[in-house]
Structure formats: C-alpha cells, structure tokens
Number of protein chains: 2
Amino acid sequence: MTHPTNAATSLAEIAERYQDHRRYPHGIAFMDGQYLSMAEAKISVLDWGFLHSDVTYDTVHVWNDRFFRLDRHLDRFFQGVQRLRMNLPYNRQEITEILTNCVRLSGHKAAYVDMICTRGSSPTFSRDPREAENRFIAFALPFGSVANKHQLERGLHVAISEKVRIPPNSVDPSIKNCHWLDLVTGLFDAYDYGAETALLLDTMGNISEGPGFNVFTVKQRHLKTPASTVLPGITRQTVFDLCDELRLSATAGDIGRDELKSADEVFITSTAGGIMPVTRIDSSIIGDGRVGVVTRRLMDLYWKKHDDPEWSTPVSV
Amino acid sequence: MTHPTNAATSLAEIAERYQDHRRYPHGIAFMDGQYLSMAEAKISVLDWGFLHSDVTYDTVHVWNDRFFRLDRHLDRFFQGVQRLRMNLPYNRQEITEILTNCVRLSGHKAAYVDMICTRGSSPTFSRDPREAENRFIAFALPFGSVANKHQLERGLHVAISEKVRIPPNSVDPSIKNCHWLDLVTGLFDAYDYGAETALLLDTMGNISEGPGFNVFTVKQRHLKTPASTVLPGITRQTVFDLCDELRLSATAGDIGRDELKSADEVFITSTAGGIMPVTRIDSSIIGDGRVGVVTRRLMDLYWKKHDDPEWSTPVSV
C-alpha cells in the first residue's frame, strides 16, 4: 500500500485503473450481461445498495449438481424486488439461466448461489431513489455452512444477545435484506461469551433469529419456531414440509428464553448448512447435550430430498 | 446489454474485465492508496459493507474551498469505527490528508466528502466478521443538498410516514450507518402523498428523523429537536451552538405529531444542505406558510460561519 499523499504541497496522482490486491474465493459472478471471476465482481461505492443498504437478495444452494427448491427462492426474490419497487431487467426464466451459467462456469458441484437486486445508482448522485437505475447481480461460490463439520456432529454453542432484531414495523423481514448490524453486534457478543453464534430477541423479549438462520425447538416431539419478526426462511418452510411427511406437529409462535433453554432439542435452519443442531445455549446444556433424535431424523430426510426431482432441479440443462 | 446466455447447452464465456457503461458524477475517490475517478471506485460484491451493511461512514462538506467542522466529523467517524470493532489503516492526520487530496484532485470548491470504513471481505468468504480485512474508502463529489434552491426559498413539503425508524436497541443511531430501508420506504410513502421528503416515527409514535436529516421545531422562540432514536447530527449540534450565540433556547426532547404541525417554524438539518426550512407537513401549513424569521436567522449565521477559522479549515494546505 502506497503512502496516502506525496507531500503536503504537491498533488497526489490519479491512477488510471483501480488495482485491488485482495484475494477472493473461487466463483463466477454475473453483472451487466457479463460472466466474471469474483475478483472482477465489483459495484460502485455510490450504489444505493452499498450506501443505503437499499437492496434485496436471495440465496439458493446447489448440492450434487442440483438446485434445491429454486422455485421457492425465486418466488421470494421476485416478491421482495416488487415490494421495494425495484425493476429487474430479467424475467424468471432468464435469471434461472444466469444462475445456471454461474454455477456451471464456476465448476462447483456444491454451491452457494446469490441473486441480488440493488436500487443502483444515478449519474447525478440524486437523493431520489426513483432516479437510480436498478441492477441485478448473481454469483456462485463454494457451498458454505453456518456450522462446520465438527459443530454439526456435536451441536452448536449459541449465546442469546441482548440486541433486539430490527422490528417489522421498521424493516419488513419477509423482504430478505442486508440490514445486519444488529446481527453482527450479536455475533461479537457471542464470541465474547465464548459461543459460536448468536440468537437475537424480538421487542417483547422473545427469541427472534440469528445471523442468517431461523431457530426451532423440539419439546415432547412437538416443533416450534418464532412466528413473526423473522425471515420466513425457505429451510424453515422445508422443516414444516418434512414434519408433515414424518407426521410431526410443528407450529410458529412465541418462544421465551427459558422455553428455548428447556427444550428437548434445538436446531437452526439456513440455506447455508440446512438443519444444524444446537446443544448449548449460554451456559445451558440442551437435552442430554447430544444431537437429538428428531433433529437427526430431519437432517437425514433433508439431505435425502436433495436428489428428489420434486425438491430439486439439475444445474445442467 | 448482451443476452444472459448463448444457448441452453453451450457455456457462456467469462469476460476478462468487467465493463461498466454506467455514468457516475464527477469526483475523486481514494481506495487502497490510490486516487481514482468515480467510475473506478468499486468494491467487491462480497464486502460485508454491501452484503451485511456492516459499515460506518461520515460526510463532511467543503464550501468555498474550506472544510466545515471537519474535527467533529472525524471525532464521530473514529468513534463509530471503534464501536463497530473495526480497525482503520490510517490515523486522523492521514485521513485528513486523503480527504484533502480527494477534494483538490476533484477540483470542487463546494464538495460532499465521504469517509467510509467497511468490515471488508475475507479470501474464504468466512461467516466470521473477525476474519474480514477492514477497509477505508473516501470520495469527494459536488456539494449536494436535501432541498433544492426553490425548496430552500419556499420551504419543503414533508410527509410523516407510518414507518418506525430502526430503534436504538437494534442499531445504535450514534454510529452513523447505512441502514436506510425504513427511510427509503418512508420516502416512497412521501412521494405517493405528493410530498418531497419524509419524517419517520420512533417506537412511541413521536417524531424521529428523515432520510439523512434531523428536524427542529420553533415555538415562541424556543427550539426543540428529538432527543433519542436519531443520529446526533453535526449540523444538529451546530444549531445548538448557533442558538447559544443568538441567545435562543434549544432543547432535545420528545416531539409529537401535533406538536410538530402546530409549531411556529420547522426546519431540517443535514451536512447535505445545512439548515433547510419546512413549510408544510402532510396537509398542514406551518406558521404562515413562509420561511420563519428564526429559521432565516439561523440559516444566515450558519453560512456565515463557513469563512470563520474557528468553524472551518482551508482545503489547500
């Protein structure tokens, strides 16, 4: 890195092209009709998506060369775009093709695939969002998980943060958004505590969600997950669907801290990792401290569905 | 724009370099030791500042070739960076030099100058924010204002949105942040109503702030501005300082909707425009519908201070 200035009186020079020496993960992005390496996938610092987090997105995953529940992710993405009053330059079929191309070009058989729509920018740096040109971005990266292999085997250690998840009357959680400062603060709180990830509260002091995941309790074979103030996750919905198949009852409703800690089993759900067991919350051990039987059954069935044509579609057309 | 795919069976090509045909305002940015045109100032789509709005910033303005209250902006910026547990690669003196260089290279005598610190990115796309390399970005653009010339003369028309500004127990408003989806929604509500900008509420139903500005009422020569749930703006603080000089009383406290609408005068404050009169809120005319005498006195004194060495510093060293 060069020194920010030469001398107080002589002017610094303007570089012709920005040189970025950071390293990026292996993957392929799509922007403005172009497929690019991740090192080239950059947006203007003036984009409303960056300066005002005025953006919505969705993440679908690919497993064994198959998209898992892509239709659901596209439904939610298009809904979010419409509700933020943005316009996509591509239709559903075109976006499917773009995502497919990103994955194929990346070579990843297991991938984390993002589709993003930002408000974009205007040539005049106008303060009126209606004057910005909306933009679509997509990328495919190696599949990632909230919980690593070890944590999937022994269960995650989660800490409850005192932070309140941004409430729905401020930002609609059903529009998947990038407003994460509360979640990031919660993560740091959790690390301070010695835990691996965090759960935030809602304004009533009940459990809400964590950074990128929903949470479920199992008590006497009944499943429960927070109803409002959370993203209606696709993996969360998948758990309801799997419960139907396994004849397990599942409801959405308020979960207090004590109720969470005294559950027989706890797990979290995310496109990034699927169904992931939690065996410790703050200093409380959940159940007998090992991954529960209901959690394990759901995990097994969840991964089984990845080959099922009713739940997944091949990447290669 | 090229078609997203060639044919369903043949693979699309990977472009070597991203070609961006958007137009950007005239200005100069600083990134990684390099001074760049705004068209080159781009960050990775994997930056936490974009994907998680995990970023803080500050905006200072330059008027007649002088920074206005740069020290205050630097104080707040460094505080925010520290509270988000980020590390800046530059000290206060170096950042002052960088901002100075951006303004001088841009040629703007009146400028809008941003300093930004994002969590950055990690080569592995890790979900742990501690593994990201924090980054500093700055840029200088032409000076902009919330209110245009016409609006400054006749006063702004503001609508009160039903949206609740993201509360402090979720995101600390004293750390200047980019969580604006509530404000953008409020803006669209205001446009629908036929107004020019918006004010949001706090969780108690009192007035909070608008997109990039604080608000003040004047009633019987006493000034009042919302106390909490708002960014402690530098221009807001400047109004308190000017009131001291003008022997006007000013306090921070709750302001209800009715109180706002029945004020003698209302104005908003922002680095982007200074002190700006409001003459209509929803369907209510404020005072006699013209810019009030207290507002005008404050506006005059505010701009006068821009030449005062105690309030401003020259760009050219």
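Tutor: Let's start with the word "contact": two residues are in contact if their C-beta atoms, placed from the backbone, lie within 7 Å. Keep in mind that this is a predicted model.

Student: What makes chain A and chain B partners, and how many residues of each are in contact?

Tutor: By that 7 Å cut-off, 79 residues of chain A are in contact with 80 residues of chain B. Several elements of chain A each supply at least two residues to that side, among them β1 (28-31), β7 (133-142) and α5 (181-193). The largest share, six residues, comes from α3(A).

Student: What kinds of residue make up the side of chain A that touches chain B?

Tutor: There are 43 nonpolar, 18 polar and 18 charged residues on that side of chain A.

Student: Why are β3(A) and β3 of chain B called a pair?

Tutor: Pairing takes at least two bridges between the strands. β3(A) and β3(B), residues 42-44, have three bridges, in the antiparallel sense, so they pass the cut-off and count as a pair. As one example, Lys42(A) stands opposite Ser44(B).

Student: How do you know where the domains of chain A begin and end?

Tutor: The bounds come from a domain assignment, automatic or from a database. For chain A this gives domain 1 (28-142) and domain 2 (149-307). Their centres, taken over C-alpha atoms, are 26 Å apart.

Student: What do the two domains of chain A give to the contact between them?

Tutor: Domain 1 of chain A brings 20 residues and domain 2 of chain A brings eleven. On the domain 1 side, β4(A) gives the most, with eight residues. That side of domain 1 of chain A divides into seven nonpolar, seven polar and six charged residues.

Student: Over in chain B, which strands are called edge strands, and why?

Tutor: The open sheet of seven strands runs β2-β1-β7-β6-β4-β5-β16 in chain B, with antiparallel pairing. β2 (34-37) and β16 (312-314) of chain B each pair on one side only, and that makes them the edge strands. From one strand to the next, the twist averages 25 degrees.

Student: What makes β4(B) and β6(B) a pair?

Tutor: Two bridges would be enough, and these antiparallel strands are joined by eight, so the pairing holds. In β6(B), Val113(B) is the bridge partner of Val60(B).

Student: And which helix packs on that sheet?

Tutor: Helix α2 (residues 70-83) of chain B does, touching β4, β5, β6 and β16 of chain B. Its direction makes about 175 degrees with that of β4(B). The scale for such angles ends at 180 degrees, so the N-to-C directions of α2(B) and β4(B) are close to opposite.

Technical notes:
Residues are numbered from 1 along each chain as its sequence is written. Chains are lettered from A and ligands numbered from 1 in the order in which they are written. This is a predicted model: local features need pLDDT of at least 70, side-chain atom pairs count only at pLDDT 80 or more; totals for chains, interfaces and linings use all residues. Helices (H or I, at least four residues) and strands (E, at least two) are DSSP runs, numbered from the N terminus. Ala, Val, Leu, Ile, Met, Phe, Trp, Tyr, Cys and Pro count as nonpolar, Asp, Glu, Lys and Arg as charged, and the others, Gly among them, as polar. Axes are lines fitted to C-alpha atoms, for helices over the stretch in contact, and angles run from 0 to 180 degrees between N-to-C directions.
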